[in-house]
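This report describes a single protein chain, beginning with one residue and then turning to the chain as a whole. Please keep the structure in view while reading.

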Amino acid sequence: MRLHVVSDVHGNSQDLARAGDGADALICLGDLVLFLDYADHSRGIFPDLFGAENAGRLVALRTARRFDEARALGRRLWGELDAAGHDRETVIESAVRKQYAELFAAFPTPTYATYGNVDIPRLWPEFAREGTTVLDGRRIEIGGRVFGFVGGGLSTPMRTPYEISDEEYAAKIEAVGEVDVLCTHIPPDIPELCYDTVARRFERGSSALLHAIRTTRPRYALFGHVHQPLARRVRIGGTECVNVGHFNATGTPYALEW
């Protein structure tokens, strides 16, 4: 059995269409939407609306952890858009729908997917075709092994679309229970897995996920979210914890075989 696993697709539909080649199934751990590309400020919903120069300013403020100033810049730009007669929710949703149409069409059959923190779960039923199974707080058997899926991220100053409370996240982890492979968008709360060496900040990992790994001991814990972590692999007891990579940048899936 061979599975390909991707995360943090962020608009890379071209490589996504080939991500399942040679595999029995594709697993996607979320973050399909590209709102703002920290490496290329001309790509994404934000620069499409406000230009690459403003996108660069926002990236610089966020990287410096000047979140209040970043939000002030966003409020000013969105205020100008509102004043021009555009409703921000309608504009964003339209742009997200356009990306989802391309990305879900690129998924091979079968695909098993969960949400990232920048995704909008309520829109997924519109685009998930037959052959794409969406899982969140649920488990499924693939090739004789049990896989558990938990999507989304935890609350942060970034306030991305699908951030939930620690309590809600922990409840989903508990609902999944004991599995062979635990698939999440965010990593367990271990510093070397959570620190992004380019953004120069810690992303939020889950302590509930870490506890589940230690107590239920899955063979693998697979995740993404942190684009350039200090470590891509960490072993916790008998569990191999693997950041499957920043697919938007690499275009290469992680392969899991047995």
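In this predicted model, Asn54 has a relative accessible area of 12% and is therefore buried, since the term applies to values under 20%. Asn54 belongs to helix H3, which covers residues 52-63.

Which residues does Asn54 touch, leaving aside those up to four places away in sequence? The partners are Phe46, Leu73, Arg76 and Leu77. One of them, Arg76, stands 22 residues from Asn54 in sequence, and the C-alpha atoms of Asn54 and Arg76 are 11 Å apart in space.

The surroundings of this residue form part of a chain with ten helices and 15 strands. A compact globule of 258 residues would have a radius of gyration near 18 Å, and the protein chain agrees with this because its own value is 18 Å. The C-alpha trace spans about 55 × 35 × 30 Å along its principal axes.

The following table collects further values for the whole chain.

| Property of the protein chain | Value |
|---|---|
| Share of the 258 residues that are buried | 53% |
| Share of contacts joining residues at least 24 apart, among contacts between residues at least 6 apart in sequence | 57% |
| Share of the exposed area supplied by carbon and sulfur atoms | 48% |

The exposed area itself amounts to about 11,500 Å². With regard to charge, the protein chain carries 29 positive and 35 negative side chains. The centres of these two sets are 3 Å apart.

Note on methods. Residues numbered from 1 in each chain as written. Predicted model: local features only at pLDDT ≥ 70, side-chain atom pairs only at ≥ 80, totals over all residues. Heavy atoms only, no water. Helix = DSSP H or I, 4+ residues; strand = E, 2+ residues; numbered from the N terminus. Rg over C-alpha atoms; globule rule 2.2 N^0.38 Å. Buried < 20%, exposed > 50% of the residue type's maximum accessible area, 1.4 Å probe, protein only. Contact = heavy atoms within 4.5 Å. Areas by Shrake-Rupley, 256 points an atom, 1.4 Å probe, with all protein chains shown as cover. Lys, Arg positive; Asp, Glu negative; His and termini not counted. Charge placed at Lys NZ, Arg CZ, Asp CG, Glu CD.
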